[in-house]
Amino acid sequence: MTVQVVLVHGIRTSATMWRAQQAYLDERGTPSVAVDLPGHGTRLGETFTLDGALATIDEAVRQAAAAGPVLLVGHSMGGLLSASYVGDE
């Protein structure tokens with residue numbers, strides 16, 4: 001079973017920060033998804049909330065988990081949110 005990678009960006013950036021990592025993973029046949037948290041990237045017009053950020057991570061993890069085990073990766077604020085998410089499970 002292939003690991004599914006979920007990537008969570010840091011503050012004041014977006015899912016696009018993971019482009020190089022996603023290209024690397026793709027070359028190796030490892031599926032990945034990078035999310036935009038509320039208030040960032042494609043969701044810039046939304047208000048950032050902790051609940052909204054955790055819900056975004058939860059949705060991405062649940063979708064990825066349908067295809068296999070999930071590796072959750074976060075940078076800066078995304079790392080803190082990911083650790084909080086895992087701690088809540």
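How many of the 5 residues of strand 1 are buried? The first view below takes that up. What you see is a predicted model, where local features need pLDDT of at least 70 and side-chain atom pairs count only at pLDDT 80 or more, while totals for chains, interfaces and linings use all residues. Residues are numbered from 1 along each chain as its sequence is written, and side-chain values use heavy atoms, with hydrogens and water left out.

**View 1. Strand 1, covered on both faces.** Here 5 of the 5 residues are buried, so strand 1 is largely enclosed by the rest of the structure. (Buried is under 20% relative accessible area, exposed is over 50%, and partly exposed is in between, with a 1.4 Å probe and protein chains only. Strands are DSSP runs of E with at least two residues, helices are runs of H or I with at least four, and both are numbered from the N terminus.) In a regular strand, side chains alternate between the two faces of the sheet. Look for Gln4, Val6 and Val8 on one side of strand 1, with Val5 and Leu7 on the other; all of them are buried.

**View 2. Strand 1 and its partners, strand 3 and strand 2.** Two strands pair if DSSP finds at least two bridges between them. Strand 1 runs parallel to strand 3, and 5 bridges join them. To find your way along that pairing, start at Val8, whose bridge partner in strand 3 is Gly74. Strand 2 (residues 32-35) also pairs with strand 1 in the parallel sense, this time over 4 bridges. On that side, Ala34 of strand 2 stands opposite Leu7. Add helix 1 and you have a right-handed β-α-β unit made of strand 1, helix 1 and strand 2. (Right-handed here means that, with the strands pointing away from the viewer, the path from the first strand over the helix to the second runs clockwise.)

**View 3. The loop between strand 1 (4-8) and helix 1 (19-27), with Arg12 in it.** Gly10 also has its place in this loop, and it counts as buried because its relative accessible area is 1%. Its C-alpha is separated by 13 Å from that of Leu54, 44 residues apart along the chain. Arg12 is exposed, with a relative accessible area of 78%. Check its backbone too: phi is near 65°, a positive value in a residue other than glycine. Thr16 is found in this loop as well and is partly exposed at 43% relative accessible area. Measure from Thr16 to Gly41, C-alpha to C-alpha, and you should get 7.8 Å, although the two are 25 residues apart in sequence.

**View 4. Ser76, in the loop between strand 3 (70-74) and helix 3 (77-88).** Here is another residue other than glycine with a positive phi, near 55°. Ser76 is partly exposed, with a relative accessible area of 46%.

**View 5. Helix 2, residues 50-65.** Its 16 residues reach 22 Å from the first C-alpha to the last, close to the 22 Å expected at 1.5 Å a residue. (The expected span is 1.5 Å times one less than the number of residues.) The buried residues of helix 2 include Leu54, Ile57 and Val61, along with small ones you can pick out by name, Gly52 and Ala53 among them. On the same helix, the side chains of Asp58 and Arg62 meet in a salt bridge, 2.9 Å from N to O. (A salt bridge is a side-chain nitrogen of Lys or Arg within 4 Å of a carboxyl oxygen of Asp or Glu.) Asp58 and Arg62 are separated by about one helical turn because they are 4 residues apart in helix 2. An α-helix has 3.6 residues a turn, so residues three or four places apart point the same way. Arg62 is exposed at 54% relative accessible area.

**View 6. Arg28, with Glu27 and Tyr24.** Glu27 and Arg28 form a salt bridge, with the closest N and O atoms 3.2 Å apart. Glu27 counts as exposed at 64% relative accessibility, whereas Arg28 counts as partly exposed at 47%. The charged end of Arg28 also sits over the ring of Tyr24, 3.5 Å from its centre. (That calls for NZ of Lys or CZ of Arg within 6 Å of the ring centre and within 35 degrees of the ring normal.)

**View 7. Arg43 and Glu46, joined by a salt bridge.** The N to O distance is 2.8 Å. Arg43 is partly exposed at 22% relative accessible area, and Glu46 is partly exposed at 38%. In total, the structure holds 3 salt bridges.
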